[in-house]
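Subject: Structure handover, side-chain contacts

Hello,

Here is the structure for your files. Notes on its side-chain contacts follow below.

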Amino acid sequence: MRARRNASNGNDFINKLIDSKNYPLPYRVQIETISFCNGECKFCPFNRHVDPRGKNFMSEDVFNKIVSDLKDVNYSGIVSMHGNTEPLLNKKIVEYVGRVRKSLP
C-alpha cells in the first residue's frame, strides 16, 4: 500500500517556486480569442457541424490580463493565437496580435 503524501508538501513546493521567481515557463502559449471554427475538417472534433461550444469571444479584459501576466514574467516563448478555432473570425485579431508583438517582443 502506498503512503499518502501530505497535500501541503505540493503547495509548499509551488509557493517556493513562485516566491523564488525561478519557475519554469511553457515554451508555447496558445490564446483562443474565439470558440468557433467555420471549417469542415472531417478529422477535427470542433468543425462547424459538431462543435458544441457555440460562438463565444474572449473578453478584452481577459486577453489584456493574459498579455500583462506574460509580460510581468518576461515571457520569451511562442504565443499562438489559434488552437481548435479560426482566429480570423474575430474582428479584433489583428489588433490583438499587435498588442502581443508590442508587449512580448
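A residue counts as partly exposed when its relative accessible area falls between the buried range, under 20%, and the exposed range, over 50%. Lys92, at 34% relative accessibility, is therefore partly exposed. Please keep in mind that this is a predicted model.

Salt bridges

Searching the whole structure gives five salt bridges. Lys92 takes part in one of them, with its side chain meeting that of Glu60 at 2.8 Å, N to O. Glu60 sits in helix H2, whereas Lys92 is in the loop between strand E2 (78–80) and H3, so this pair ties together parts that are 32 residues apart in sequence. Glu60 has a relative accessible area of 29% and is therefore also partly exposed.

Glu60 has another partner in Arg99, where the closest N and O atoms are 2.6 Å apart. Since Arg99 belongs to helix H3 and Glu60 to helix H2, that contact links parts 39 residues apart in sequence. Which residues end up in one network through salt bridges that share partners? They are Glu60, Lys92, Glu95 and Arg99.

Another of the salt bridges pairs Glu40 with Arg48, and there the closest N and O atoms are 2.4 Å apart. Glu40 comes out as partly exposed, at 42% relative accessibility. Arg48 is partly exposed too, its relative accessible area being 43%.

Aromatic pair

The search of the whole structure turned up one aromatic pair. The ring centres of Phe63 and Tyr96 are 4.0 Å apart and the ring planes are at 15 degrees, so the pair counts as stacked; the cut-off for that class is under 30 degrees. Where do the two rings sit in the fold? Phe63 is in helix H2 (residues 60–72) and Tyr96 is in helix H3 (residues 93–103), so the pair ties together parts that are 33 residues apart in sequence. Are these two residues buried or exposed? Both Phe63 and Tyr96 are buried.

To put the two sections side by side, H2 and H3 are tied together by the stacked rings of Phe63 and Tyr96 and by the salt bridge from Glu60 to Arg99. The rings belong to buried residues, while Glu60 is partly exposed.

Regards

Conventions:
Residues are numbered from 1 along each chain as its sequence is written. This is a predicted model: local features need pLDDT of at least 70, side-chain atom pairs count only at pLDDT 80 or more; totals for chains, interfaces and linings use all residues. Side-chain values use heavy atoms; hydrogens and water are left out. Rings of Phe, Tyr and Trp (its six-membered ring) pair if their centres lie within 6.5 Å; planes under 30 degrees apart count as stacked, over 60 as edge-to-face and the rest as tilted. Helices (H or I, at least four residues) and strands (E, at least two) are DSSP runs, numbered from the N terminus. Buried means under 20% relative accessible area, exposed over 50%, partly exposed in between (1.4 Å probe, protein chains only). A salt bridge is a side-chain nitrogen of Lys or Arg within 4 Å of a carboxyl oxygen of Asp or Glu.
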